[in-house]
Amino acid sequence: MSVKKRHSDADGDTSTDLRFRKTPRAAVEPSGPLPRFQGSGADQTHGVHGSPLQRMRMRMRQAFTPSQPVFNPSMFAGRNEVLTALIRAIEDQRLHVVTYGERGIGKTSLMHILSRLAREARYVVRYASCGEETEFSDMFRAIVRDIPLLYHADFAPTSDASEEGRSLADLLPEGTFNVPQLTDVLAKISGTHVLLILDEFDRAHSPAFRRSIAELIKNLSDRSARVQLVIAGVAGNLTELIEHIPSIRRNIMGLQVPNMTQGEIEQLVHNAETVCGMKFTDEEIGFINLVSYGSPYIANLIGQHAGLNAIDRGDTVVAVKDIILAVHQAVEEIRHRVTAKSVHFVTEAETFVPSDTLGLLARSALYNGGRLDIARLEGLLRDLGGSEAFLRNLSEKTGLVGPIPYDPAGAYSFNEEGVPVYLWMRQMARWLDSASPNLQSLQRSISQCD
Ligand SMILES: Nc1ncnc2c1ncn2[C@@H]1O[C@H](COP(=O)(O)OP(=O)(O)O)[C@@H](O)[C@H]1O
Ligand SMILES: [Mg+2]
């Protein structure tokens, strides 16, 4: 039965299915063949039939992964300095580490690669991702369940208990347990070093959970335990942990994951080229650098859309028009992830703030770990009453931004974390539309605003 026939039946139907009858006829009549999946749902790319472009389209998903962290070291671009600092803190200084940075900057990817390197160095590594409901006992019971009893000083590797495949979890009391009870178990680890990676720490909202982690860091340090925590979160987490127990300051290293350099973004694109066979010229990489501004998330998002756009044109070389279209596609995609409340605040803000200024504010936040620094923004906001008065006004009138609690420099941040990416990408889309897309002139006009 054709689609058309079914709907004409439905139109004449006297049933109470309003959903069907209300549907405008034009909207349900297909204007042509429906779009189709281009590849197979099976994960392999080898042996897939189809044209070279179809195979390239499939490989594009592994080449750029905007919705997933990087697991594969060959796809992990740059970050040598951050990794060196992390390794040094862990193995030379025996510190606990809090890595922090905005969502999308690459913390989880970094944690995965760090885990791999530590395992290669024969550390016992356990990775756990925090969530809103994360509860101390549950999380740590699951973590130590994976650590064999043979690493406990009281159980020789040949003893019966460890041979039975038992774990440190067997030494914990039933039900919930507290930090001292956990420390008693962890402090007796011997014959190895254990790295506990707690990712997405900012998502664990319970103050009790965070206080327990501060206490655990203190206890493990006091007992010189062979267990180190590596926490990935946002800047506020580090401040908060230290506020709970100020003396742990000397046991923790805070490490901000910086935006990637232009060379690192270039490497990210080259890694992707190797996987998918699509070519990005220097000019296109220049555009990706300009748009992504050191964010590996944006670089992946734009790279993937641009590559797919080139394939849609039947080309294996990305052109500037593919990038411009990609920026528009990305704006659409990101807009749907921003809450209606924030979209409303943006509309309100635009009644008294030039939209370029909003875009540049967002850019500043993206580059400074989410911070809107009073001093840094003075140049941009001088004509709008000065940065301090401007940010206070914007905060009071719209709720788009707010002061960072207890910030010593009185900095502000956007109240919703997805908003800076949205505003910045939207700004880029506008600039790309208004000017003839010339890389040099765009670079000039952006840097004038810095
Ligand atoms: N070093 C890197 N090389 C290539 N892509 C990266 C790198 N770091 C992060 N990415 C990409 O950036 C995006 C965000 O990374 P992720 O690790 O999830 O960040 P976060 O945990 O900070 O939110 C993902 O698309 C990921 O694939
Ligand atoms: Mg993450």
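Here's a quick tour of this structure, from the whole chain down to a few single residues. Keep in mind that the model is predicted. The chain contains 21 helices and eight strands. Of its 450 residues, 48% are buried. If you take contacts between residues at least 6 apart in sequence, 72% of them join residues at least 24 apart.

**The magnesium site**

- The magnesium ion (ligand 2) has two protein donors, T108 through its OG1 atom and E200 through OE, and they lie 2.1 to 2.5 Å from the ion.
- T108 belongs to helix α6 (residues 107-120), while E200 sits in the loop between β3 (194-199) and α10 (207-222), so this pair ties together parts of the chain that are 92 residues apart in sequence.
- If you go looking for T108 and E200 in the 3D view, expect to find both of them buried.

**Two residues with an unusual backbone angle**

- Most residues other than glycine have a negative phi.
- E200 goes the other way, with a positive phi near 55° even though it isn't a glycine.
- You've met E200 already: it's the magnesium donor from the loop between β3 and α10.
- R122 is another non-glycine residue with a positive phi, in this case about 65°.
- You'll find R122 in the loop between α6 and β2 (124-129).
- R122 has a relative accessibility of 73%, which is over the 50% cut-off, so it counts as exposed.

**Two helices that cross**

- Two packed helices are described by the angle between their axes and the distance between the axes.
- For α10 and helix α11 (residues 235-244), that angle is about 70° and the axes are 9 Å apart.
- An angle from 65 to 115 degrees counts as roughly perpendicular, so that's the label for α10 and α11.
- On the α10 side, the contact is made by P207, R210, R211, I213 and A214.
- On the α11 side, the residues are N237, E240, L241 and H244.
- Sorted by class, the contact between α10 and α11 has four nonpolar, two polar and three charged residues.

**Cysteines**

- A disulfide is a covalent bond between the sulfur atoms of two cysteines.
- How many disulfides does a search of the whole structure find? The count is zero.
- C130 has a relative accessibility of 2%, under the 20% cut-off, so it counts as buried.
- C276 is buried too, with a relative accessible area of 0%.

Conventions: Residues numbered from 1 in each chain as written. Chains lettered and ligands numbered in written order. Predicted model: local features only at pLDDT ≥ 70, side-chain atom pairs only at ≥ 80, totals over all residues. Heavy atoms only, no water. Donors = N, O, S within 2.8 Å, 3.2 Å for Na, K, Ca; no water. Helix = DSSP H or I, 4+ residues; strand = E, 2+ residues; numbered from the N terminus. Buried < 20%, exposed > 50% of the residue type's maximum accessible area, 1.4 Å probe, protein only. Disulfide = S-S within 2.5 Å. Axes fitted to C-alpha atoms, helices over the stretch in contact; angles between N-to-C directions. Parallel < 35°, antiparallel > 145°, perpendicular 65-115°, else oblique. Contact = heavy atoms within 4.5 Å. Nonpolar A, V, L, I, M, F, W, Y, C, P; charged D, E, K, R; others polar.
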